[in-house]
Amino acid sequence: MESNLRRRVLVNDQPSESSTPRDESPEIPETFGYKIDAVSHHRPKTSKRKYTSIFFLGSLFGLIAAGFFANSNDLIDFPEFRGLSMDSFLDVLPAGLVKDMRDMVIGERDYIQSYDAFAVGRMVRSEGLSAYHPIVMVPGVISTGLESWGTSNMSLPYFRKRLWGSWSMMRALVLDKETWKAHIMLDKETGLDPPGIKLRAAQGFDATDFFITGYWIWNKILENLASLGYDPMNSYTAAYDWRLAYTNLEKRDHYFTRLMTHIELAVLLQNRKVVLTSHSMGSQVVFYFFHWVSSQHGGRGGDDWVEKHIESWINVSGCMLGALKSVSALLSGEMRDTAQLNAFAVYGLEKFLSKSERAEIFRAMPGMSSMLPIGGNAIWGDLGGAPDDQPGQEHSYGSFLNFRSGQNWTITDRNLTVDDAMGYLLDTAEDWYRDQVKGSYSWGIAHTRAEVEANEDDPAKWINPLETRLPLAPSLRIYCFYGVGKPTERGYYYRPPEPPASLTTNLNMTIDTGLTQGAVDHGVIMGEGDGTVNLMSTGYMCNRGWKMKRYNPAGANITVVEMPHEPDRFNPRGGPNTADHVDILGRQNLNEFILRIAAGRGDTIRDHIVSNIREYAARAKVYEE
């Protein structure tokens, strides 16, 4: 039952020498033209399943996949779709696609039937461990359902229905797209609710356990926590509206005030500090919260608040330095998930949400722009090289956006680094978007301790771990758990849109999806990561940045466990050893580690690094003071 990683490296009955004893712990045992074949990477294997397209708005392929997973009948009716059924969808689909979908469903259902959902929790409990620290979970981007509370004529048909994260979303998107867009997009000037619209984050465990029926997110962790003795009295999901800029999360929803109050109450009632667990963008939210709660500009808890209230922070797949795919999503409404869709799926996606519509929607969700890459060329490289370039690699990852040579471009006459691409995005975007983003976030580097301390008074810096520090909490334990070994977007090839598309869109470039050669897959250059977030983002701060005194002045202990992507080829979600960005939440040893930390035995977890992240991090142009 024990995971391979646990058997190899991790758990023993004694704390590490560097661990701080816990009195309260239970004592239980061409330039960049089209000549690309010289790039020395393996071309990634393309999976038939495209789950991520569900998350990026409107692919019929994703709709059908999710429908199959409702786990009732092989063919599922959708009463909300006014008589449409799965049969009517299947009738118009290519036979090969239908067969692939059926095979996928059979594999998933066989796995579910053979999998003991509570097995990890029972195994940990059999060792004598039980619920100890209160636990608070902060989900990632788009994994929290959003429901309508508006009472205008437009909103009444959707009152208390989820317009994100449910079949109501799918119905509205297909049958009432303009109304759905009006609800999901924030006001472009204020970044808050548009007039007459009121969309709010769903609350409680139901807000994040499933995205839509059959597609679990936090459900596996909740099942195993329950096996250890957790329930709503000692565990809490801090769901939030991920569309909002972080300052507006507090302004509109008082999110950080409510999170602070809940943690204080948990500590008061149970007389034990809290374990914070975050995933993806949720790790940025937690990092921002650490600054807010201590600052006189926020919660006014003082510099010792985290020390008094937080036992550990479990950072799962945290995009601490952003995600490169956010640039392409905001620039042209595209990413690898859309670039690799087959012709039928592309048609369906473009029919319901075109590239320009997707880019507009993404920009009208300022919270998503928090995941723009942080650190610029110092982290991501320049035209002369990048920290994660491989030996013998002819063309550097530092060339982020690449174009054909000799074309009559109206946008740029050279390839762009991450710094260049960020500048181009902001320079060509609408004024409202540029003002929202620049007023909310910062992507630079603070090179001295004095700069870092000064930035504690600037909320726009609070999501950036290269410009601000960890809390002054010497006993805080930070656990970084993230996936490695899954090809992840590292750069792109772009081209002008072709007529007639160029006549009907306000976008002046699109991913060159026809280019597949060497390390380039449908115009996307692949690098290292967990399939969504790059290794430099998940791993740099944990392995190097927070080893620097100016970024971790109190010396908080950092434990890093990298989890290799070893999916079960017959399981659509990857099985117990997947390290995919989302599916990792169901990974067996990740669940085990979370339970051990919550039970007060996090000191049994050891560092385990399998990638070259330490070498890459050492090459980044961020230095000790």
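Begin by selecting S356, E357, R358, A359, I361, F362 and R363, the buried residues of helix α17. Buried here denotes a relative accessible area under 20%, exposed one over 50%, and partly exposed a value in between (1.4 Å probe, protein chains only). Extending the selection to the whole of α17, residues 355–363, shows a helix that is mostly covered, with 7 of its 9 residues buried. Helices (H or I, at least four residues) and strands (E, at least two) are DSSP runs numbered from the N terminus.

The model is predicted: local features need pLDDT of at least 70, side-chain atom pairs count only at pLDDT 80 or more, and totals for chains, interfaces and linings use all residues. Residues are numbered from 1 along each chain as its sequence is written, and side-chain values use heavy atoms, with hydrogens and water left out.

**The whole chain**

Zoom out to the full chain, which contains 25 helices and 14 strands. Of its 625 residues, 64% are buried. Its accessible surface is about 23,400 Å², and carbon and sulfur atoms account for 51% of that area; accessible areas follow the Shrake-Rupley method with a 1.4 Å probe, and for residues only the protein chains shown count as cover.

**Helix α10 and its two partners**

Next, select helix α10, residues 246–253, together with helix α12, residues 281–294. Their axes are 10 Å apart and cross at an angle of about 70°. Axes are lines fitted to C-alpha atoms, for helices over the stretch in contact, and angles run from 0 to 180 degrees between N-to-C directions. The two helices, α10 and α12, are therefore roughly perpendicular; angles under 35 degrees count as roughly parallel, over 145 as roughly antiparallel, 65 to 115 as roughly perpendicular, and the rest as oblique.

Show side chains at this contact: Y246, T247 and E250 come from α10, while M281, Q284, V285, Y288 and W292 come from α12. A contact means heavy atoms within 4.5 Å. The contact residues of α10 with α12 comprise 5 nonpolar, 2 polar and 1 charged. In this classification Ala, Val, Leu, Ile, Met, Phe, Trp, Tyr, Cys and Pro are nonpolar, Asp, Glu, Lys and Arg are charged, and the others, Gly among them, are polar.

Keep α10 and add helix α11, residues 255–270: the axes of this pair are 6 Å apart, at an angle of about 80°. Thus α10 is roughly perpendicular to α11 as well. Here Y246, L249, E250 and D253 of α10 meet Y255, F256, T257 and R258 of α11. The contact of α10 with α11 divides into 4 nonpolar, 1 polar and 3 charged residues.

**Aromatic residues**

Select Y240, Y246, Y255, F256, Y288, F289, W292, W305, Y441 and W462, which form one aromatic cluster. Rings of Phe, Tyr and Trp (its six-membered ring) pair if their centres lie within 6.5 Å; planes under 30 degrees apart are stacked, over 60 edge-to-face, and the rest tilted. By this rule there are 22 aromatic pairs.

Which arrangement do the rings of W164 and W242 adopt? Their centres lie 5.3 Å apart with planes at 70°, so the pair is edge-to-face. W164 belongs to strand β3 (residues 162–164) and W242 to the loop between β5 (235–237) and α10, so that the pair links parts of the chain 78 residues apart. W164 and W242 are both buried.

Return to α12 for F289 and W292, whose ring centres are 6.3 Å apart and whose planes lie at 20°, so this pair is stacked. F289 and W292 are 3 residues apart in α12, about one helical turn, and both are buried.

**Individual residues**

Centre on S312 in strand β7, residues 310–316. S312 is buried, at 2% relative accessibility. Leaving aside residues up to four places away in sequence, S312 touches V274, V275, L276, L476, R477, Y479 and I597.

Most residues other than glycine have a negative phi. S280, however, has a positive phi of about 60°. S280 sits in the loop between β6 (274–279) and α12 and is buried, with a relative accessible area of 4%. H522 also has a positive phi, near 55°; H522 occupies the loop between β12 (520–521) and β13 (524–527) and is partly exposed, at 24%.

Finish at K621, in the segment after α25 (613–619). K621 is partly exposed, with a relative accessible area of 46%. Its C-alpha atom is 9.4 Å from that of G375, 246 residues away along the chain. Among residues over four places away in sequence, K621 touches A378 and D382.
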